[in-house]
Amino acid sequence: MKITTLYVYPIKALRGIKLKSARIGPQGIAHDRTFMLFQVSEPDGELKKMQVDSHPQCALFEQEFSGGNISVRYHDPENQDQDEQPFVIPLTVDTATLAKINVNLHGSAPSSAYSMGSLYEDWFSARFGFPIRLVYIGDGKRAVLGDTLPPKQHQQTTQNGKGGWLSSLTSYVTGRGQEGKPWITFTDVAPLLVTSESSLHDVSARLPADEPMPMYKFRPNIVVDGQGEEAWAEDLWAELTFNNKHKLLLTGNCVRCVSLNVDYETGKPAVGELGSVLKKLMKDRRVDTGSKWSPVFGRYAFPAVMQDSQGASFELRVGDEVEVTKRNAERTVWDWPGL
């Protein structure tokens, strides 16, 4: 197999950025989901997470890298001829003058997060039509919850010089903090999401020929072509090796929601067949017994890199070779509490 597409989402829930290459570290692709939008509820000021399923208008915001910044453009479906200047947000933020706030994403709160302030929040608020808080994770670290997603010790087999086989246990410290536990940014539950084009073809086969399902609606980080693998073979993938060197440990299924039905041009649920993709997948893709009402598409992954070593990151590029080097005998079971 080969990598066909790489995506990063510096501001969670906005449109993804396609990359030709990506630096992969313990928390996934550099800058992935380090910012997040929250709706400020009135009158109590409670912060509500904003994702494509609950706030489909997020799909109207395009982001791209521009030097050391994120350039954001809003595509107004009511005024498509509007040529609005991009709004610029720094990729790296000095948090010394920012207010710390408490936020909650899927029950996994970071130790700290930072409000970016009125300059940034007013811009988003004006376009969404309600008060927005733009949050930067900074030095915050969200815990990976449940028992199945955090990678376990991994059995690695190597060949010695005499042709025999030596087995050694290697503990991959995949983004682990001082307590020895992995942590993540504002990614949902793991540093990376891997999807296969073989499975995407199966989804598109359920739709009219002139309305194929685009991969970007699944919001992956790494897309592989699936060459030589049947549709849905990734359900059992446990380890991928890239260029015979770099490894990802695949530990959980990605269970899906109504975000699949969103039209990215209107910021609303799609009309016609593309508005019923979730329902179509529910017929035969509810294959995770830990989340029996949600269909599965894709696998969550952790880079097999050491947090404090010289090998703490590696580069992947579109076109890189990918091999399935370990498979599970059975599907993993979702156990993130409350999600």
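These exercises, each with a worked solution, deal with a predicted model of one protein chain.

**Exercise 1. Overall make-up and confidence**

State how many helices and strands the chain has, what share of its residues is buried, and where the pLDDT is below 50.

Solution.
- Step 1. The chain's secondary structure consists of 3 helices and 25 strands.
- Step 2. Of the 339 residues in the chain, 53% are buried.
- Step 3. Take the contacts between residues at least 6 apart in sequence: 71% of them join residues at least 24 apart.
- Step 4. The average pLDDT of the chain is 90, and 90% of the residues reach at least 70. Residues 154–178, however, have a pLDDT below 50. This stretch still has 54 contacts in the model beyond near neighbours in sequence.
- Step 5. Where pLDDT is low, the predicted coordinates should not be read in detail.

**Exercise 2. The nonpolar cores**

Find the residues with the most contacts inside the largest nonpolar core, and the elements that give two or more residues to this core.

Solution.
- Step 1. The largest nonpolar core counts 31 residues, and Ile11, Ile89 and Phe124 have the most contacts inside it.
- Step 2. Two or more residues come from each of strand 5 (35–40), strand 8 (69–74), strand 9 (87–90), helix 1 (118–128) and strand 12 (132–136). Helix 1 gives the most, with 4 residues.
- Step 3. Apart from neighbours within four places in sequence, Ile11 has contacts with Phe35, Leu37, Gln63, Ile70, Val72, Ile89, Phe124 and Leu134.
- Step 4. There is also a second, separate core of 25 residues, and Ile3, Leu192, Ala233 and Val324 are among them.
- Step 5. As background, nonpolar side chains in soluble globular proteins tend to be buried together.

**Exercise 3. Strand 12 and its partners**

Decide whether strand 12 is largely enclosed, and name the bridge partner of Tyr114 in this strand.

Solution.
- Step 1. In strand 12, 4 of the 5 residues are buried, so the strand is largely enclosed by the rest of the structure.
- Step 2. Strand 5 and strand 12 run antiparallel and are joined by 5 bridges. Phe35 stands opposite Tyr136 in this pairing.
- Step 3. Strand 11 (residues 113–115) also pairs with strand 12 in the antiparallel sense, over 2 bridges. Here Tyr114 has Tyr136 as its bridge partner.

**Exercise 4. Strand 19**

How many residues of strand 19 are buried, and how many bridges does strand 19 share with strand 25 and with strand 20?

Solution.
- Step 1. Strand 19 covers residues 237–242, and 6 of the 6 are buried, so the rest of the structure largely encloses this strand.
- Step 2. With strand 25 (residues 322–327), strand 19 forms an antiparallel pair over 5 bridges. Trp237 is matched there with Arg327.
- Step 3. With strand 20 (residues 246–255), strand 19 is joined by 4 bridges, and these two strands run antiparallel. Glu239 stands opposite Leu249.
- Step 4. The hairpin of strand 19 and strand 20 has 3 residues between the strands, and Asn243 in this hairpin takes a positive phi near 55 degrees.

**Exercise 5. An open sheet**

Which strands stand at the edges of the open sheet with the order 4-3-24?

Solution.
- Step 1. The sheet has 3 strands, and their pairing is antiparallel.
- Step 2. Strand 4 (28–29) and strand 24 (314–317) each have a single partner strand, so one side of each is left without a neighbour in the sheet. These two strands are the edges.
- Step 3. Strand 3 (residues 21–25) is joined to strand 4 by 2 bridges, and Gly25 stands opposite Gly28.

**Exercise 6. Two single residues**

Are Thr185 and Ile17 buried or exposed?

Solution.
- Step 1. Thr185 lies in the loop between strand 16 (183–184) and strand 17 (192–196). Its relative accessible area is 7%; the cut-off for buried is under 20%, so Thr185 is buried.
- Step 2. Beyond residues up to four places away in sequence, Thr185 touches Gln27, Asp32, Arg33, Thr34, Ile137 and Arg142.
- Step 3. Ile17, in strand 2 (residues 17–19), is likewise buried, with a relative accessible area of 7%.
- Step 4. Outside its neighbours within four places in sequence, Ile17 is in contact with residues including Leu6, Tyr7, Val8 and Phe65.

Note on methods:
Residues are numbered from 1 along each chain as its sequence is written. This is a predicted model: local features need pLDDT of at least 70, side-chain atom pairs count only at pLDDT 80 or more; totals for chains, interfaces and linings use all residues. Side-chain values use heavy atoms; hydrogens and water are left out. A nonpolar core is a set of buried Ala, Val, Leu, Ile, Met, Phe, Trp, Tyr and Cys residues joined through side-chain atoms within 4.5 Å. Buried means under 20% relative accessible area, exposed over 50%, partly exposed in between (1.4 Å probe, protein chains only). Contact means heavy atoms within 4.5 Å. Two strands pair if DSSP finds at least two bridges between them. pLDDT is the predictor's confidence in each residue, from 0 to 100.
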